[in-house]
Amino acid sequence: MDDLRRKNSLDFTLLLTAVALWVIGIFLVYSATYIHESGPLAGIYKQQILWVVMALLIVILIISIPARYISKGAYAFYGMSLVMLVLAIATGSGVSAKGAERWILVGGLKIQPSEFAKVGLLLALAKRLSERPVSLYNLPTLIVPVSLILVPFALVLKQPDLGTAMVFCVMALPMFYWSSLTLLDVFYVVSPLISLLLSAIPLLLTFNTGESWGVFEAVPWGLFFLVVVVLLYIFRAPLYIWIGVIVGNITTATVTTVVWGSVLKDYQKMRITSFMNPQADPFGSGYQVIQSKVAIGSGHIFGKGYLQGTQSRLSFLPEQHTDFIFSVLGEQFGLVGCSLVVILFATLIIKGLMVTYGCRNRFINLTAIGCTAILGFHIFVNIAMTLGMTPVTGIPLPFLSYGGSFTMTVAILVGLLLNARVTDQDF
Amino acid sequence: MVAVVCCVAMTVLLVNLYRLQVIEAEESIRVSNENSMREQVVLPPRGRILDRNGNELARNRPAYSICVLPYSLRNRDAVISSLCKIRDVEGNAVFDSVTLVQQIRKANTRKFELTRIKEDVPIDIVSIVEEHYMELPGIVVETESRREYPYGPSAFHAVGYMGEIPENEFDTLRNQDYYWGDLMGRAGLERTYESVMRGKCGREYLEVNAYGKSLGTVSNIKKIDPTYGYDLYTTLDINLQLAAQKAFPDSLKGAVVAVDPRNGDVLVLFSNPSVDPNIFSSSSSVRSKTWAAVAADRNLPLNNRAIAGVYPPGSTFKVLTGITGLDAGIISKDSRMPSTCGGSFRFGNRIAKCHKPPPGHGSTNIISAVQYSCNVYFYQLGLKLGDTRINKYANMFSLGSVTGIDLPGEKAGYLSGEKAYNERFAARKWRWTQGLVMDLAIGQQQVLTPLQLALMVGGMGNGKLIYTPRLLSEERNKDGILVYQNLPVVRNKIAVGQYALDVIREALAAVVRPGGTGWRAGVQGIPVGGKTGSAQNPHSDISHAMFIAVAPVDDPVIAVAVAIENAGGGGAVAAPVAGALLNYFFSETEEGKSVYKKYNPDSELKTKRPLTQRPALSAAESAANAAADAADRSESAPAIRRPTPEGGND
């Protein structure tokens, strides 16, 4: 009985957390833009209110759709999002923001197809993985899921939208793990990426500080590579996995070094490393990071008070109503406000994970973990970016950032999470 | 596993938040305050310069410049093409895209500061820009105050001009409230009274956004109000100066100075050629273009010839030789020299000519010697007096040293004499000889400024004191309240007996009377004293025309010196300028009119009729004038075939 009630009632904690975050978001968007009396940013908080209302409607709509219909429509949604992506590239010159082909116009509404592609890929992957488990030891099972990822991945890279492309990969990993891969398998898959990072770190640091590491440049990656080989040996990986992992790791490490050495121009390197040392180019690539850190830092413990943030009010914060909305929060509400919001986000993620653990249906289960992964990745990367911990990527903060398509996407994700609790899971 | 990853991520975020917002907060708070606060320096309007009648010689006008703020310049090409569409009333494009691209590229180095792209823009262009602000993001119109000189070139040398601070002076000035790119007085009164007129910068703290847009003052920091500069009330009479300028031959170089001997007030300070000081406060493109032309001009229009032009005084110096002789008791009013003038004078084996060819002036006394400017008389007087005695009186009459006028760049001139000459020409191994005393006595050895000559002749008329010449009369604050009064300062006490003064005044008056060489400077009803001079100089065969005048000669209110380079005879060229000036003074100015009334109590002054239109001269007077003119012309013929040490205006 207890079990039944838990599964078939709406998770109000999750819903209220989401609504609270959305409301906070509206206030933050207002405080970030109220200074503009005219121009494109004037009064956009009203727009955001509209988005949030629409988001709530979407949540209700999704809750009321039985999960099996969602499951049935998964590929259709995926296909639709692909078509929109292609349209965005084809009509790319139509509306271009920040010089990237990211928008399409649907009846006067600007729609960002890459946002919906996240949901499309999530549903399609969940559907596929719930029907046919994958295994590294049975390569043909990987063909379809990997293709499902690669198509939107390539289209999004073409735009180019590196952030969204990263979201695709990050979302897919836990889903594969949930589906059937072991932790070791996931490690094998991820190891080339780790190789990339480890081989890049000495290069970044050298560029930044000007001090060459000499032969020690190879040390971090070398150690990691050794660990990979040892693991392959201990767990007796089959030959093709040996070959695949080793070739993959060596290739990424080499390509990283070559690209860094001869392809990237200095200003590009500067942009990549600016988060480590924003003062190197304070009015260029480092500007956003510096201003954001100053905003958050100057908030101190209790913040400067609502609408009292000088950094945000005086427009020193770039993109403050979208990607850097967390800085607005940090400046006006300080450590207390930031911690509160981080705790709300944590509640959301934990609730998401609890949903995942509580579902027996594989499709719902995979959808829930995917939703949680997407939200968690966005939250972590965005906040880390405003704190100057990671490079500046175009990844907005769920619930708080201004934006129609993104708010809708978040609404769909929240809806899917809530749906998992109320829906009939036997299909 | 997933839960572990989540927990680690959350912890990382919280730890970083704590580090940023608690441990490193202080630095961020400081930067944040600096970010949003700009110190705004408020420069008060500069004090005006006025003449003695309250006419503005220098004032301020509002001006507009168009600036670019690179940070908010979102779409550079669109803004440039919009700007290029703006046309002025004549239909010419105001901006050109090539220059704009360059200027914007330069401005980009300081993204958050305003950079001027067009200075001193007419108001109609400004209104076009303001109407289209929406299409021109990043373009800002800035208001500033620029200096304006209503009388343009006429008052240039007295008033001076404004210019940017030169690099070598900036190091010291930066501690005195000056900022790079500020304008400061570079010459004339603008320079001398820079600190008086400039005032003190105020400061206010503005809250500005990242676009540099001011959002009002920061309330909790007190603003410092600017201290206004004072207005300068000068002793100049610009209308009198214009009258002198009108009479001055435009194409010739030279200067006119008029001083009030009673207190040192400089009434007229005119130097030709001149420059319009307004160009120096116009836009930098006009400025640099014109500046190049002015600086390269061989006529040196920037040179203030009234105080820095040194000319041999020529025959005008004879009155000094004369007064020395009279006061030393060597001559009296009626005494005559041993040698009568036969057109030349023999000293040793040197034959020094008088300008009048044989039969010469015949026997002369001091009055007629001055009146006809007889060289032979003064050769002998000079030899009797010697250079030391003459120079003692020259010093007494303020010659040969800087007068101390409140203008920069004054020259001291040079009073020859045995010691000075030997020092000066030591390199050329020239030695002083007795024969040179003869040249000294007729003013062909020294070089002096017009201002010094005016003081000298004023001193002879005044007879007691020579005051330091001054342009500043009063300083008043912006409400017109007197702040400082510049009282007359005595420069020289004249220790000359009354007899010598009376005789020399009579001689000066004789020069201007019909038949004297300076008859053109006469004013009907006023006893004017004067002396012509035609100073030879090594630069040209045509002598400098010199004229000094003092009026009324026995109780003077005005002393005038005119110097015109390479113009010929002083009586024909320089005296009319002094005449026009004096006539204007006694017929148009309040001070002159009251003096005129004192001398002519019966005749009602007919202000409509210029005094220059005299009643018809008698035939005898006309003939005498003609003879005087002939003398004047011949005076300019070289008397001594020998280069004078210095001449002209180098």
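Here is a chat about a few features of this predicted model.

Me: What makes the B:Arg46 and B:Glu190 pair a salt bridge?
Reply: Look at the N to O distance, which is 2.9 Å. The cut-off is within 4 Å, for a side-chain nitrogen of Lys or Arg and a carboxyl oxygen of Asp or Glu, so this pair counts. In general, side chains of opposite charge can pair when their charged atoms come close.

Me: Where do the two partners, B:Arg46 and B:Glu190, sit in the chain?
Reply: B:Arg46 is in the loop between strand 1 and strand 2 of chain B, while B:Glu190 is in helix 8 of chain B. They're 144 residues apart, so the pair links distant parts of the chain.

Me: How many salt bridges turn up over all chains?
Reply: Searching the whole structure gives 30.

Me: Why are A:Leu226, A:Val230, A:Tyr233, A:Ile234 and A:Phe235 called a nonpolar patch?
Reply: Leu, Val, Tyr, Ile and Phe all count as nonpolar side chains here, and a patch joins such side chains within 5 Å when each residue has over 30% relative accessible area, so the name fits these five. Together they have about 560 Å² of accessible area on the surface. One of them, A:Ile234, belongs to helix 9 of chain A.

Me: How do you know that helix 5 and helix 15 of chain A meet?
Reply: Contact means heavy atoms within 4.5 Å, and residues on both sides pass that test, including A:Leu122 in helix 5 and A:Ile374 in helix 15. The helix axes come within 8 Å and cross at roughly 145°, and the crossing is right-handed. By class, the contact has eight nonpolar, four polar and three charged residues.

Me: What makes the bond between B:Asn272 and B:Pro273 worth a look?
Reply: It's a cis peptide bond, with omega about 0°. Most peptide bonds are trans. B:Pro273 lies in the loop between strand 12 and helix 11 of chain B. Another cis bond runs from B:Ala551 to B:Pro552, with omega near -20°.

Me: What about the phi of A:Phe399?
Reply: A:Phe399 has a positive phi of about 75°, though it isn't a glycine. Most residues other than glycine have a negative phi. A:Phe399 sits in the loop between helix 15 and helix 16 of chain A.

Notes. Residues numbered from 1 in each chain as written. Chains lettered and ligands numbered in written order. Predicted model: local features only at pLDDT ≥ 70, side-chain atom pairs only at ≥ 80, totals over all residues. Heavy atoms only, no water. Patch = residues over 30% accessible without salt bridge, like charges linked within 9 Å, V, L, I, M, F, W, Y side chains within 5 Å. Areas by Shrake-Rupley, 256 points an atom, 1.4 Å probe, with all protein chains shown as cover. Helix = DSSP H or I, 4+ residues; strand = E, 2+ residues; numbered from the N terminus. Axes fitted to C-alpha atoms, helices over the stretch in contact; angles between N-to-C directions. Left-handed = near helix turned anticlockwise from the far one by under 90°. Nonpolar A, V, L, I, M, F, W, Y, C, P; charged D, E, K, R; others polar.
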